[in-house]
Amino acid sequence: FFSQRYLDAWYEIARLLPGVRFYAYTKSVHLNLWKGKPGNFSLVQSEGGLWDVDIDEDQAHARIFATEAARKVAGYGDGGQTDWLAFQAKPGTQIGLFYHGVAKLTPAQEKHFS
């Protein structure tokens with residue numbers, strides 16, 4: 001979401017379509033994500049952006065892990081097979097995603113993702 005106005009427009013669309021379930025991942029945690037969010041809109045904060053320090057871990061959030069084992073040890077749900085966790089995300093939902101890029105992780109990235 002590139003601006004508060006754009007996010008608010010999506011919230012308005014969701015309010016106009018109460019029978020439709022909306023969900024999104026976002027790194028735009030600097031926006032006022034929770035004000036006016038309708039009940040049929042699940043929002044997941046994604047780590048790896050410019051505003052990670054502002055992520056509210058009491059709300060749904062996603063983290064990338066270097067290995068599946070690291071995800072499991074951290075207690076994060078598996079977000080890699082389906083989007084079900086994001087689709088039905090509630091406050092506190094922890095979604096773990098396994099790094100699947102083609103580039104080998106640098107030692108710094110390995111440390112960060114672990």
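A search of the whole structure, which is a predicted model, finds 4 salt bridges. Let's begin with the ones that share a residue. Arginine 63 takes part in a salt bridge with glutamate 47, where the closest N and O atoms are 2.8 Å apart. This pair ties together distant parts of the chain: glutamate 47 belongs to the loop between strand 2 and strand 3, arginine 63 belongs to strand 3, and 16 residues separate them. Arginine 63 also forms a salt bridge with glutamate 57, with 3.1 Å between the closest N and O atoms. Put together, Glu47, Glu57 and Arg63 make up a network of salt bridges.

How buried or exposed are the members of that network? Glutamate 47 has a relative accessible area of 16%, so it counts as buried, because the cut-off for burial is under 20%. Arginine 63, at 22% relative accessibility, counts as partly exposed. Glutamate 57 is partly exposed as well, with a relative accessible area of 43%.

Another of the salt bridges can be found in helix 1. Here the side chains of glutamate 12 and arginine 15 meet, at 3.3 Å from N to O. Why are these two separated by about one helical turn? They are 3 residues apart in helix 1, and that spacing is why the separation comes to about one turn. Glutamate 12 counts as partly exposed because its relative accessibility is 36%, and arginine 15 counts as partly exposed at 41%.

While you are looking at helix 1, which spans residues 4-16, find isoleucine 13. Its relative accessibility is 34%, so isoleucine 13 counts as partly exposed. Isoleucine 13 belongs to a nonpolar patch on the surface, together with Leu16, Leu17 and Val20. The accessible area of these residues together is about 330 Å².

It may help to step back to the whole fold here. The protein holds 4 helices and 5 strands. Reading from the N terminus, the order of the elements is α-β-β-β-α-β-α-β-α. The protein has 114 residues, and 32% of them count as buried. Its accessible surface comes to about 7,000 Å², with 59% of that belonging to carbon and sulfur atoms. As for how the chain meets itself, take the contacts with a separation of 6 or more: 44% of them are between residues 24 or more positions apart.

Now to the aromatic side chains. The structure contains 9 aromatic pairs. In one of them, the ring centres of phenylalanine 22 and phenylalanine 41 lie 6.0 Å apart and the ring planes are at 5°, so this pair is stacked. The stacked pair links distant parts of the chain, since phenylalanine 22 sits in strand 1 (residues 22-26), phenylalanine 41 sits in strand 2 (residues 41-46), and the two are 19 residues apart. Both phenylalanine 22 and phenylalanine 41 are buried. They also belong to a cluster linked by ring pairs, whose members are Phe1, Phe2, Tyr6, Trp10, Tyr11, Phe22 and Phe41.

Phe1 turns up again in the surroundings of serine 28. Serine 28 is located in the loop between strand 1 and strand 2. Is this loop residue buried or exposed? Serine 28 counts as buried, because its relative accessibility is 11%. Leaving aside residues up to four places away in sequence, serine 28 touches Phe1, Leu33 and Trp51.

A ring can also have a charge for company. The charged end of arginine 21 sits over the ring of phenylalanine 87, at 5.9 Å from the ring centre.

One more phenylalanine rounds off the tour. Phenylalanine 65 lies in strand 3, which covers residues 61-65; arginine 63, from the salt-bridge network, is in strand 3 too. With a relative accessible area of 3%, phenylalanine 65 is buried. How far apart in space are phenylalanine 65 and phenylalanine 98? Their C-alpha atoms are 5.0 Å apart, although 33 residues separate them in sequence.

Conventions. Residues are numbered from 1 along each chain as its sequence is written. This is a predicted model: local features need pLDDT of at least 70, side-chain atom pairs count only at pLDDT 80 or more; totals for chains, interfaces and linings use all residues. Side-chain values use heavy atoms; hydrogens and water are left out. Patches are made of residues with over 30% relative accessible area and no salt bridge: like charges are joined within 9 Å, nonpolar side chains (Val, Leu, Ile, Met, Phe, Trp, Tyr) within 5 Å. Accessible areas come from the Shrake-Rupley method with a 1.4 Å probe; for residues, only the protein chains shown count as cover. Buried means under 20% relative accessible area, exposed over 50%, partly exposed in between (1.4 Å probe, protein chains only). Rings of Phe, Tyr and Trp (its six-membered ring) pair if their centres lie within 6.5 Å; planes under 30 degrees apart count as stacked, over 60 as edge-to-face and the rest as tilted. A charge sits over a ring if NZ of Lys or CZ of Arg is within 6 Å of the ring centre and within 35 degrees of the ring normal. Contact means heavy atoms within 4.5 Å.
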